[in-house]
Each structure stands twice: as structure tokens, then as C-alpha cells.
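Student: I would like to learn how to read a fold from a model, feature by feature. Could we begin with the sheets and then turn to the helices?

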Amino acid sequence: LQKQLETLQAALSAEENKLDIAQKARAIIQTVAEQTQKQIEYHISNLVSLALASVFPDPYKFEIRFVQRRNKTEADLIFIKDGNEGTPIDVSGGGPLDVASFALRASIWSIKPTRNVLILDEPFGFVSRDLQYKCSEMVKMISEKLNVQIIMVSHIPELIAKADKVVGVTNKGGISYTE
């Protein structure tokens, strides 16, 4: 029994050592993950806030916050204006949501870019007509800042005002023609 006890104690000691090593490794991984999340938070928050500020005269500030819930990392999207915070859908209208949505897509793409092309189909539909030109400027700015080509489908002249190239498409008798 004494020999069995010594064998089990040695095995327990070895397992405790493995547990200690695993806990230290987990702490290192958590530290790296937190640092990465802070960099991503800064990158995304700045780009979305910049996009909102370039379109709206009294813009919301945007923040993304990574939080731990149920042992998983989740991202909270926050709009801040005049010291008040809330989720974008609860505190703003469709225009700021459209702009933030575009900027979120662009910022997420920029973290791990694939092809340098983003395709937009009728974006900024909820942005008021008088701010559509500002959206065009903002799209151009983000395109240049991220070095990404943006292909956009739109019927709104103000939205395509800053485009490098415009291709008109007309449909005659079921056949599409480009101009």
C-alpha cells in the first residue's frame, strides 16, 4: 500500500505540474488576446467614428468593446453622443446605422484583407438626401485610406459624385447596355 501511495503521489504531483503549466499558458494566451482586442477596438472604433464624423454635422462617437460573457468574448457596439451611450439601433436613426455598417465592413476587411475590392449595392439608403454627397466623400476617403477599390451600385447622383469611374447601365428590351 505504501508503494501504491508513493506511485499515486508521484502521478498526482506530475498532473499538478501539468495543470500549473497549462494555467500559465492560458494566462499568456489571455494576455495576448486582450492586447489584440484592444488594438482591434482602437482600429475599428476610430474608423467608424471617422466615417460618422465625415458625414454628420453632430456625429455619434462609435466604440466597440470586447467583454467576457458566459466564458466567451463578445463585442458590444456602442454609440456615444452628449455623454449618453446606447446600442446603435436604440439611440440613432437609419442614416448613422448605414454609415456605421459600411465603416464596420471596411474596418473588418482591413484587419485581414482578401482582395482589395468591396462591393456595395444601394448603400446609404437611410441617409438623408442632403448628406448623400458627404457619404460619397467618405467612401472615397476610406477607399484611399485602406487602399481598397469600391464598386458601388446606386441610382443616387450625389452618392456617385466622387467616383473615379461611373458606368451607366440601361435596360432595353431585357438587354443591359453600359455607357
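Student: How many strands does the open sheet with antiparallel pairing have, and what is their order?

Tutor: To read a sheet, one lists its strands in spatial order and then asks how neighbours run. In this predicted model, the open sheet contains three strands in the order β1-β2-β3, and their pairing is antiparallel. The edges are formed by β1, residues 61-69, and β3, residues 84-86, each of which pairs on one side only. On average, and with direction ignored, neighbouring strands of this sheet are turned by 35° against each other.

Student: Over how many bridges do β1 and β2 pair?

Tutor: The pairing of β1 with β2, which covers residues 72-81, extends over nine bridges in the antiparallel sense. As one point at which to check the register, R65 has D76 in β2 as its bridge partner.

Student: Which helix lies across β1 and β2?

Tutor: Here one asks which strands the helix meets and at what angle it runs. Helix α1, residues 2-55, lies across β1 and β2, and its direction is at about 150° to β1. A33 is a residue of helix α1, and its C-alpha atom is 9.9 Å from that of T73, although the two are 40 residues apart in sequence.

Student: Is A33 buried or exposed, or something in between?

Tutor: The class follows from the relative accessible area, with buried meaning under 20% and exposed over 50%. A33 has a relative accessible area of 31%, and is therefore partly exposed. A53, also placed in helix α1, is partly exposed because its relative accessibility is 46%.

Student: How far apart in space are A53 and Q2, which are 51 residues apart along the chain?

Tutor: Their C-alpha atoms are separated by 75 Å. It is instructive to set beside this L52, another residue in helix α1, whose C-alpha atom is 9.3 Å from that of L97, with their positions 45 residues apart along the chain.

Student: What is the accessibility of L52, and which residues does L52 contact?

Tutor: L52 counts as buried because its relative accessibility is 0%. Once neighbours within four places in sequence are left aside, L52 is in contact with P59, Y60, F62, F79, P96, V99 and A100.

Student: At what angle do α3 and α4 pack, and how far apart are their axes?

Tutor: For a helix pair, one takes the angle and the axis distance together, and then the residues that meet. Helix α3, residues 94-111, packs with helix α4, residues 132-146, at an angle of about 5°, and their axes are 11 Å apart. Because angles under 35 degrees count as roughly parallel, α3 is described as roughly parallel to α4. On the α3 side the meeting residues are V99, F102, A106, W109 and S110, while α4 contributes C135, M138, V139, I142 and L146. The residues of this contact comprise nine nonpolar, one polar and no charged.

Student: Which residues does S107 touch, if those up to four places away in sequence are not counted?

Tutor: S107, which belongs to helix α3, touches H43, I44, L47 and V48 under that restriction. S107 is classed as buried because its relative accessibility is 0%.

Student: Why might one strand have both a covered and an uncovered face?

Tutor: In a regular strand the side chains alternate between the two faces of the sheet, so one face can be covered while the other is not. Strand β4, residues 117-121, has L118 and L120 on its covered face, whereas V117, I119 and D121 are on its uncovered face. Strand β4 is joined by five bridges to strand β5, residues 149-153, and the two run parallel. Within this pair, L118 stands opposite I150 in β5.

Student: What is the pattern of the chain along the sequence, and what is its radius of gyration?

Tutor: The chain has four helices and seven strands, and along the sequence they follow the pattern α-β-β-β-α-α-β-α-β-β-β. The radius of gyration of the chain is 25 Å, whereas a compact globule of 179 residues would have one near 16 Å. The C-alpha trace spans about 95 × 45 × 30 Å along its principal axes. Of the 179 residues, 28% count as buried. Among contacts with a separation of 6 or more, 55% are between residues 24 or more positions apart.

Notes. Residues numbered from 1 in each chain as written. Predicted model: local features only at pLDDT ≥ 70, side-chain atom pairs only at ≥ 80, totals over all residues. Heavy atoms only, no water. Pairing = 2+ DSSP bridges. Axes fitted to C-alpha atoms, helices over the stretch in contact; angles between N-to-C directions. Contact = heavy atoms within 4.5 Å. Buried < 20%, exposed > 50% of the residue type's maximum accessible area, 1.4 Å probe, protein only. Parallel < 35°, antiparallel > 145°, perpendicular 65-115°, else oblique. Nonpolar A, V, L, I, M, F, W, Y, C, P; charged D, E, K, R; others polar. Rg over C-alpha atoms; globule rule 2.2 N^0.38 Å.
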